[in-house]
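Colleague: I'm new to reading protein models. Could you walk me through this one?

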Amino acid sequence: MTAVTTGTTARTASVGTGHTRVEGRDKVTGAARYAAEVPFADLAHGWLVLSTIARGRIRALDTDPVLAMPGVLAVLDHRNAPHLDTDYTGMLGKPDPTCAVFQHDRVPHLGWPVALVVAETSEQAREAAEALVVHYEQEPHDVEFTADHPDARPVDGHMPAVTEKGDLDARLASSAVVVDAEYTTPEEHHNPMEPHAATARWDDGRLEVIDSNQGVTWVAGELASLFSLDPASVRVRSEHVGGGFGSKGVRAHQVAAVMAATLLQRPVRVVLTRRQMFSLAGYRSPTAQRVRLGADADGRLRALEHRSVSRTSTVHEFVEPSAGVARVMYDADAHHTANHVVRLDVPTPTWMRAPGEAPGSFALEAALDELAEKCGIDPIELRLRNEPETGPVSGLPFAGRNLAACFREGARRFGWADRDSRPGVRREGRWLLGTGTAAASFPAGAAPSTATATAHPDGTFTVRISAADIGTGARTALALVAADALQVPPERVRVRIGDSDFGPAMIAGGSMGTRSWSWAVKTAAGELRERLALGADIPAEGLTVRADTTEALGALAPAERHSFGAQFAEVAVDVTTGEVRVRRMLGIFAAGRIVNPLTARNQFLGGMIWGISMALHEEAVRDRASGGPVGADLAGYHVATHADVPRIEADWIDDTDPDDPVGIKGIGEIGVVGAAAAVANAVWHATGVRHRSLPIRPDRVLSAAAGARDA
């Protein structure tokens, strides 16, 4: 046995200092293997066959000619697939039946999985899948989403569908200034760089899945429930993930891979194509939002209504809770919010970075800008006058709300005081110039997680936790947290993640990952340091301490916990060509203690760039005839590129959460919230024309300019 000290001399804290990613070299040299790259002996390849109709039934599948093709091993469909159990409630609720593949002959949308062809090579599987003839009984379908759809109804998601207080109509009628406007956002898709991929195999009676996901214990639990397996007999590994943004949960390809591996008793890999991801990976629903604001002449809100309608599928109800952001940001004597959904013949939407807050902040923050214009008040001053003292709906105290400080610092750095409030007066040659701002918020939650910390005889330490690094730098952040808790340099700490055998932990989602995991890691590492300080011996296999944060989180007092931010944008608009160029953006955030400034800034910037993309580019359009998206690839679905982002800055103010052992709140999603609204508000300031529908395409700019000239 060996005794090891963690160090008693004073040392500089690791948390709060910039560190390059601990796995960075592996990623840039190709040593880091992603889900579709891990080698297996005797590996077979599966290729999903998706429906070519938007609604109906499968009458027949001509599988015999396909089974005779070179290399083909099997064809799985609803006639021979094993039964799956979907009558359970998992980590995030009831499962979307889309993942329960090949259970019946119904087709509820275009791109529904109807078969899996398995072959010796990926090329053989694809050729055979494309040769499979499926006969359908086609039925009329409806994919048209409108705000006034007769079937729209309130649905509870992860928050109540409706909240109400006060007499809205009376307060609106007595208000000196009223804004009543409708805003729309389109269907948007995640499009992570790494496509979805999974390999399933059975090893000595135990199912192992190598996957690209945002939570290995989540996926392992879902697979165990779907296949009625003992949870201990399922292991999911996901060491490196090339982006997720909410899309990498339990999907059809993992389930199909497990089915095929069970049938063939050999490893089977299923990888989605980019086009297939548009049908099978989820997306952000389009929204139609109505915001009504009533205020006194001095801009103080007396009435606030935020109603949102989003789209879901006929097989599963998912709510894009866009009206939820109003429940946090601003109060009024009469305060009404509602989230409605319409069921259509489309794939099920899902969580997408800043779900609810991203589209909801566009509508709410654009409406606030319109109110500021009507009241003749500076947009920042209007927001500061309407800062709530407690949660507008919950009535709970805020566990820190430093939005005002974000606005003041942002205004100083952006040069807001020099802004001429009149729209359409600044010009440089053919360009009209304008500036805009918007507020941002996102919940700062935490979920129970477990972690272990092990001291080794050589003076190093290993931390194990079922975390997921989806490109955020979480692995590095956890190393810094552990190093400080152990009072050793980060170089002495190794962090292992992405393995469900490490025990239950929160997923990488809801901006809760690093906060939840850090809590568990600090607890385990801190207890380990205390035991070593008392002289505990370290056996050859190491001394391990396990932590579980369930009890600590349950003891937290109820409060409104959020990250906040202020977004600023300057745009140039050419009304003769319809071009909109974002010249510069600034985001100032109050997002708790920043663990690693280097990767944190990347997260903020990435979110803000996504906001530019949301404001000016991203839009999936569904063809009414086929029911599918037009241009389901990265050529037809436009996203912001480097040329669209000439100058963008992100920074933060001191904002430590006293209830969190590390002081963390969460930064993964706050960067995108408010960014699109800031750009849209800047376009109004440049042109004097409001754009209430995203994206602000050139044709819309031209049409608005023509309408303004005619008026």
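Modeller: Sure, and let's begin with a term: a salt bridge is a side-chain nitrogen of Lys or Arg within 4 Å of a carboxyl oxygen of Asp or Glu. Keep in mind that this is a predicted model.

Colleague: Okay, so how far apart are the closest N and O atoms of Glu 619 and Arg 697?

Modeller: Glu 619 sits in the loop between α15 (597-616) and β25, and Arg 697 in the loop between α16 (675-687) and α17 (698-710), so the pair ties together parts that are 78 residues apart in sequence. Arg 697 is partly exposed, at a relative accessible area of 23%. The closest N and O atoms of this salt bridge are apart by 3.0 Å.

Colleague: How many salt bridges does a search of the whole structure find?

Modeller: Side chains of opposite charge can pair when their charged atoms come close. Searching the whole structure for salt bridges gives a total of 59.

Colleague: Which residue forms a salt bridge with Lys 165?

Modeller: Lys 165 is partly exposed, with 32% relative accessible area. Its partner counts as partly exposed too, at 25%. In this salt bridge the closest N and O atoms are 2.9 Å apart, and the partner of Lys 165 is Asp 331.

Colleague: And how many residues apart in sequence are the parts that this pair ties together?

Modeller: Lys 165 belongs to strand β8 (residues 162-165). Asp 331 is in the loop between α8 (326-329) and β16 (334-344), so the parts tied together are apart in sequence by 166 residues.

Colleague: Which residue meets Arg 413 in a salt bridge?

Modeller: Arg 413 is partly exposed, with a relative accessible area of 33%. The N to O distance is 2.8 Å, and the partner is Asp 651. That links distant parts of the chain, 238 residues apart: Arg 413 is in helix α11 (residues 403-414), while strand β25 (residues 648-652) holds Asp 651.

Colleague: Which Asp residues are in the network of salt bridges with Arg 201?

Modeller: Here the salt bridges join up into a network. Arg 201, Arg 206, Arg 235 and Arg 237 are among its members, and so is Glu 208. The Asp residues in it are Asp 499 and Asp 501.

Colleague: Let's switch to Glu 305. Is it buried or exposed?

Modeller: Glu 305 is found in strand β15 (residues 301-313). The cut-off for buried is under 20% relative accessible area. Glu 305 has 6%, so it is buried.

Colleague: Which side chain does Glu 305 join in a polar contact?

Modeller: Leaving aside neighbours within four places in sequence, the contacts of Glu 305 include Leu 168, Val 291 and His 336. The polar contact between side chains is 2.6 Å, and it joins Glu 305 to Arg 292.

Colleague: Now the helices. How far apart are the end C-alpha atoms of α12?

Modeller: Helix α12 (residues 474-486) has 13 residues, and at 1.5 Å a residue it should span 18 Å. The model agrees with that, as the end C-alpha atoms are apart by 18 Å.

Colleague: How many of the residues of α12 are buried?

Modeller: The helix is largely enclosed by the rest of the structure. That follows because the buried residues number 13 of the 13.

Colleague: Which residue just after α12 takes a positive phi?

Modeller: This residue is in the loop between α12 and β21 (493-496). At 33% relative accessibility, it counts as partly exposed. Its phi is about 60° although it is not a glycine, and its name is Gln 487.

Colleague: What about α9: how many of its residues are buried?

Modeller: Helix α9 (residues 357-375) should span 27 Å, and its end C-alpha atoms are 26 Å apart, which agrees. The helix is mostly covered, with the buried residues numbering 17 of its 19.

Colleague: Last one: what is the volume of the second largest pocket?

Modeller: Rolling a probe the size of a water molecule over the atoms shows where empty space is left. This pocket is lined by 21 residues, and among those nearest its centre are Phe 145 and Pro 186. Strands β9 (177-185) and β14 (287-295) each supply at least two residues of the lining. The volume of the second largest pocket is about 450 Å³.

Methods
Residues are numbered from 1 along each chain as its sequence is written. This is a predicted model: local features need pLDDT of at least 70, side-chain atom pairs count only at pLDDT 80 or more; totals for chains, interfaces and linings use all residues. Side-chain values use heavy atoms; hydrogens and water are left out. Helices (H or I, at least four residues) and strands (E, at least two) are DSSP runs, numbered from the N terminus. The expected span of a helix is 1.5 Å times one less than its number of residues. Buried means under 20% relative accessible area, exposed over 50%, partly exposed in between (1.4 Å probe, protein chains only). A polar contact is a pair of N or O atoms within 3.5 Å; within protein, one must be able to donate a hydrogen and the other to accept it, and residues adjacent in sequence count only if both atoms are side-chain atoms. Contact means heavy atoms within 4.5 Å. On a 1 Å grid over the protein atoms alone, a cavity is a set of points where a 1.4 Å probe fits but cannot get out, and a pocket is an open set with protein on both sides within 12 Å along at least five of seven lines; lining residues have an atom within 4 Å of a point. Grid points are joined across faces, edges and corners, and a volume is the space filled by probe spheres set on the points.
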